[in-house]
Amino acid sequence: MGTENVICLKSLTKYYRDVRAINGLDLEIHEGEIFGFLGPNGAGKTTTIRLLLGFIKPTLGSASIFDFDTFQDGVQVRKLVGYLPADIKLYGKMTGNQLLQYLSNLREGTDWDLVEELRERLETNLTQPIRSLSRGNKQKIGLIQAFMNRPELIIMDEPTSGLDPLIQQEFYKMLDDVKADGRTVFISSHNMQEVERVCDRVGIIRLGEIVAVDEIHDLKERSIHKFEIHFSGAVSTDTFRTVDGIQDIVVEDNIVLCTVLGKPDAFIKTASSFEILRLISHEPSLEDVFLSYYGGN
Amino acid sequence: MLRNMLLKELWDQRKPFLWWCLGFLVLIPVIISMYPSVRDMTEINIMMDNDLIRAFSGGVTDITSPVGYLNSQLYFLMVPLLFLIFGITQGSGAIAGEEESGTLDLLLSNPVSRSRVVLQKFSAIIVNMLVFACIVWLISITSVIAINMEISLIRIGEITFSVALLGILFASLAFLVGCVIGKRGMSVGITSAIGVLTYILYSLGPIVDRLEPLEVLSPFYYYFEADPLTNGLYLPHVLVLIIVILVLVVIAYAMFKHRDLGV
């Protein structure tokens with residue numbers, strides 16, 4: 001992985017009239033990494049991405065890509081960037097082939113062999129008018145146009161929404177190929193599992209501010225689980241209090257509610273010494289992770 | 001046809017364009033073919049001898065003459081009105097239409113500058129309007145020849161060019177409003193309102209004393225006042241129209257260049 005910064009945000013701030021969309025983002029994305037930008041809807045992910053493409057102008061601070069200012073030198077930036085917007089809108093009257101032809105005429109370096117390869121891999125229909133295609137099929141055309149010029153940086157806003165699971169897997173392989181070339185990817189997502197699966201590093205944004213930037217494996221170690229266990233008889237809080245990683249334990253007669261940080265191994269082994277009637281485990285929501293680790297900050 | 005944004009615009013417009021041509025292919029021959037019956041009705045001029053009627057028929061005094069007939073029946077209201085609608089539709093669709101439908105993001109995610117987008121999209125409007133004007137001219141002269149109307153075919157070309165400039169002017173205004181606020185409906189509404197007001201201003205000018213000095217503010221004045229069908233194009237008025245168009249487009253570009261795009 002290179003150390004050169006591909007994306008560099010400095011105190012990046014955007015207000016829409018008086019509403020603060022993002023506030024003082026500082027972030028560096030390195031060459032060759034796949035970076036996940038994770039946050040709930042409305043956190044400021046799309047605003048950040050629109051600033052990166054030069055669609056909107058920062059209120060304060062700056063954003064640069066390969067040392068070009070994203071608003072002032074937008075054309076230079078966009079020569080090097082492939083982009084997939086959230087909920088992509090395409091020219092409905094065109095077929096996929098016509099659209100890709102048009103977009104390739106607006107920039108240099110379309111690799112038509114790659115287009116053909118991606119069309120097959122994503123099982124994309126490029127011959128029908130786009131307006132007659134389903135959302136997932138439009139999304140595939142959006143993916144092809146983002147990849148087809150082999151850009152140095154690919155920016156994608158919620159890339160897998162609308163794709164069925166098999167195509168999602170194919171998309172992950174496409175990302176592996178890009179990574180193997182040493183190119184850089186910036187993905188926004190609200191899906192933690194997806195980010196864990198594909199990204200090297202993740203930044204978490206909440207209410208317009210970056211609350212954490214971490215390597216993925218660090219984040220995994222910090223994963224949390226919520227358990228609700230119904231035992232056949234009453235258990236005492238003391239039994240679990242000393243177990244590794246236990247947080248917020250509540251015991252009501254024979255029911256234990258708790259949050260476990262990191263691996264749940266020790267907790268499960270302790271619990272298994274009693275007769276368990278029912279075990280409910282909740283995958284943590286993003287909000288839970290935030291509250292658990294960053295809520296205090 | 002998809003080599004650049006200009007050609008893509010023309011490609012997008014091909015079907016509506018064809019419908020517009022078909023509309024004129026019906027309208028103009030029908031109106032011109034009725035001329036022989038009007039020519040013989042000299043008493044109609046007595047009916048027309050009324051300020052208000054004259055205000056809305058281009059100040060024509062002899063409707064039975066070829067020039068009077070064409071000016072009052074086609075070039076004072078019908079043709080400019082349709083060119084306005086044609087122009088406003090295109091001007092508002094170019095930027096605001098694409099912004100509202102969400103495809104402007106896709107377009108501008110490519111290495112194209114906003115100035116190139118403005119320039120090519122506006123060029124497409126001009127090309128569309130001029131080609132359309134040529135077709136309208138061809139339809140008009142064919143109809144005129146068919147009934148042996150005694151009128152200069154060149155002069156018909158000149159007034160058609162004048163009305164095309166008027167159409168482009170209102171297209172630029174719609175384009176400008178679209179570039180500033182990014183809403184197609186607003187662009188159509190505001191520009192149409194300005195179109196109607198300036199039309200009324202120009203047509204009522206001769207009979208309402210207070211309005212007369214304001215006539216020069218109406219684009220219709222520069223389109224029609226010099227009577228291009230009789231006298232040919234009047235260069236100062238043509239220049240005013242062209243300069244206003246250029247100013248509107250330059251402002252449109254300046255506003256669009258630094259604006260946040262809508263989602």
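This report walks through the domains, salt bridges, surface charge and backbone features of a predicted model.

**Domains of chain A**

Let us start with the broad layout. The domain assignment splits chain A into domain 1, covering 5–219, and domain 2, covering 222–294. Between the C-alpha centres of these two domains of chain A there is a distance of 38 Å.

**Salt bridges**

Next come the charged pairs. Over all chains, the count of salt bridges comes to 22. Three of them are set out here, with the distance between N and O atoms.

| Salt bridge | N to O distance |
|---|---|
| D260(B) and K14(A) | 2.4 Å |
| E33(A) and R201(A) | 2.8 Å |
| E158(B) and R155(B) | 2.7 Å |

The salt bridge of D260(B) with K14(A) has its closest N and O atoms 2.4 Å apart. D260(B) sits in the segment after α13 (235–257) of chain B, while K14(A) belongs to strand β1 (residues 5–16) of chain A, so this pair joins two chains. The two partners also differ in their exposure class: D260(B) is partly exposed, with a relative accessibility of 24%, whereas K14(A) is buried at 4%. The cut-off that puts K14(A) in the buried class is a relative accessible area under 20%.

The salt bridge between the side chains of E33(A) and R201(A) stays within one chain. Here E33(A) is in the loop between β2 (19–30) and β3 (34–38) of chain A and R201(A) is in strand β9 (residues 201–206) of chain A, so the pair ties together parts that are 168 residues apart in sequence. E33(A) and R201(A) are both buried.

In chain B, what separates E158(B) and R155(B) along helix α9? They are three residues apart in that helix, which means a separation of about one helical turn. Their side chains meet in a salt bridge at 2.7 Å, N to O. With a relative accessible area of 16%, E158(B) is buried, while R155(B) is partly exposed at 27% relative accessibility.

Beyond pairs, chain A also has a network of salt bridges. Which residues are linked in it? The network takes in E117(A), R121(A), E170(A), K173(A) and D177(A).

**A positive surface patch**

Turning to the surface, K93(A), R131(A), R14(B) and K15(B) form a positive patch. One of its members, K93(A), is found in the loop between β6 (81–84) and α3 (96–105) of chain A. K93(A) has a relative accessible area of 48% and is therefore partly exposed. The upper cut-off matters for this residue, because exposed is used for values over 50%.

**Positive phi values in loops**

Finally, two residues deserve a look for their backbone angles. D67(A) is not a glycine, yet its phi is positive, near 70°. This residue is placed in the loop between β4 (60–65) and β5 (68–69) of chain A. Is D67(A) buried or exposed? D67(A) is exposed, its relative accessible area being 69%.

N148(B) is another residue other than glycine with a positive phi, in this case about 55°. The loop that holds N148(B) runs between α8 (114–146) and α9 (153–181) of chain B. N148(B) is exposed, with a relative accessible area of 65%.

Note on methods: Residues are numbered from 1 along each chain as its sequence is written. Chains are lettered from A and ligands numbered from 1 in the order in which they are written. This is a predicted model: local features need pLDDT of at least 70, side-chain atom pairs count only at pLDDT 80 or more; totals for chains, interfaces and linings use all residues. Side-chain values use heavy atoms; hydrogens and water are left out. Domain bounds come from an automatic or database domain assignment. Helices (H or I, at least four residues) and strands (E, at least two) are DSSP runs, numbered from the N terminus. Buried means under 20% relative accessible area, exposed over 50%, partly exposed in between (1.4 Å probe, protein chains only). Patches are made of residues with over 30% relative accessible area and no salt bridge: like charges are joined within 9 Å, nonpolar side chains (Val, Leu, Ile, Met, Phe, Trp, Tyr) within 5 Å. Accessible areas come from the Shrake-Rupley method with a 1.4 Å probe; for residues, only the protein chains shown count as cover. A salt bridge is a side-chain nitrogen of Lys or Arg within 4 Å of a carboxyl oxygen of Asp or Glu. Lys and Arg count as positive and Asp and Glu as negative; His and the chain ends are not counted. The place of a charge is taken as NZ of Lys, CZ of Arg, CG of Asp or CD of Glu.
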